[in-house]
Amino acid sequence: MTATEPVGTAPAAESAIAADAPQPAPGATPPRTPLIARAAAELVGTAALVAIVVGSGIQATDLTDDVALQLLANSTATVFGLGILIALLGPVSGAHFNPAVTLAEWWTARRGGAGVNARELAVYVPSQIVGAVLGAILADAMFGEPLVKWSTHDRSAGNLLLGEVVATAGLILLIFGLARTDRLRFAPVAVASYIGAAYWFTSSTSFANPAVTIGRAFTDTFAGIAPASVPGFIAMQLVGTVVGLALVAVIFMRGRTDSGTPAA
């Protein structure tokens, strides 16, 4: 209802038509949103996320030498920032900010579920990567760091790679589990809370995002990752995506009716 529409004058027929209109499936990209707007939302959202991660890491190391406090500050800022970004931009693009999530959505769409198509995939992923790089550069600029300085923070150990599989699989299980159970309205809190927890319970501090991993290679600060470690992290994130989708398929398996057709 618009501000100028008289209260109580909407015809009953209009309400009936609205009720009968097709509704987007859980997890689907909002209808009638121009692709350029969705790409902009993914670019800006991913840039803001990386700026939060890198900027809070720089701020933490400037304020204390205690590594535990540094990680606490970094994870807390990420939880609040990510939750806000999902709430703000979710209605526009779905708030993926993560090629692993976009790839998983594309795969489920290919198999008859809701999600992005190949054209949208080809737009979302570059937007996320460009946004991540810009976010790292922005954070460095705000704190007077070199705008681009390759990280020297080696993260190639096998236990860290295992941590990325676990972190990414859990993230995919959470997001697509919420979609399967029609609870995506809880995504801002649930996803942010999971990432905050995964900072602490995974050995890798839960990058769980190929675009963010690439962006963090551009900054030689607390949140950085050495370029040589990036391919391994991304490979394990893709493995985690497959594992997460497999878990979703098993845990949230759709039942069948007596006629053998999938239940609604």
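**Exercise 1. Determine how many helices and strands the chain has, and the order of its elements.**

Step 1. The secondary structure comes to 9 helices and 0 strands, where helices (H or I, at least four residues) and strands (E, at least two) are DSSP runs numbered from the N terminus.
Step 2. Read from the N terminus on, the elements run α-α-α-α-α-α-α-α-α.
Step 3. Residues are numbered from 1 along each chain as its sequence is written. The model is predicted: local features need pLDDT of at least 70, side-chain atom pairs count only at pLDDT 80 or more, and totals for chains, interfaces and linings use all residues, while side-chain values use heavy atoms and leave out hydrogens and water.

**Exercise 2. State the average pLDDT of the chain and find where pLDDT stays under 50.**

Step 1. pLDDT is the predictor's confidence in each residue, from 0 to 100.
Step 2. The chain averages 88, and 84% of the residues score at least 70.
Step 3. Over residues 1–29 pLDDT stays under 50. For this stretch the model has 18 contacts (heavy atoms within 4.5 Å) beyond four places in sequence.

**Exercise 3. Describe how α4 packs on α5.**

Step 1. Two packed helices are described by the angle between their axes and the distance between the axes.
Step 2. Helix α4 (residues 99–110) and helix α5 (residues 118–142) pack at about 175°, with axes 10 Å apart. Axes are lines fitted to C-alpha atoms, for helices over the stretch in contact, and angles run from 0 to 180 degrees between N-to-C directions.
Step 3. α4 is therefore roughly antiparallel to α5, a term for angles over 145 degrees.
Step 4. From α4, Pro99, Thr102, Leu103 and Trp106 meet Ala118, Leu121, Tyr124, Val125 and Gln128 of α5. The residues of this contact divide into 7 nonpolar, 2 polar and no charged. Ala, Val, Leu, Ile, Met, Phe, Trp, Tyr, Cys and Pro count as nonpolar, Asp, Glu, Lys and Arg as charged, and the others, Gly among them, as polar.

**Exercise 4. Identify the residues that touch the most other members of the largest nonpolar core, and the helix that gives the most to this core.**

Step 1. A nonpolar core is a set of buried Ala, Val, Leu, Ile, Met, Phe, Trp, Tyr and Cys residues joined through side-chain atoms within 4.5 Å. Buried means under 20% relative accessible area, exposed over 50%, partly exposed in between (1.4 Å probe, protein chains only).
Step 2. Of the 39 residues in the largest core, Leu49, Leu82, Ile86, Phe97, Leu171 and Val191 touch the most other members.
Step 3. α7 gives the most to this core, with 7 residues.
Step 4. Beyond four places in sequence, Ile86 is in contact with Pro91, Ala95, Phe97, Ala187, Pro188 and Val191.
Step 5. A second, separate core of 8 residues includes Leu161, Ala217, Val230 and Phe233.

**Exercise 5. Place Ala95, Ser206 and Lys149 in their loops, and classify each as buried, partly exposed or exposed.**

Step 1. Ala95 is in the loop between α3 (67–93) and α4. Ala95 has a positive phi of about 50° although it is not a glycine, and is buried at 10% relative accessible area.
Step 2. Ser206 lies in the loop between α7 (187–201) and α8 (210–216). Its phi is near 55°, again positive in a residue other than glycine, and Ser206 is buried at 5%.
Step 3. Lys149 is found in the loop between α5 and α6 (158–180) and is partly exposed at 43%.
Step 4. Not counting residues up to four places away in sequence, Lys149 touches Ala217, Phe218, Thr219 and Asp220. The C-alpha atoms of Lys149 and Thr219 are separated by 5.3 Å, though the two are 70 residues apart along the chain.

Key. Parallel < 35°, antiparallel > 145°, perpendicular 65-115°, else oblique.
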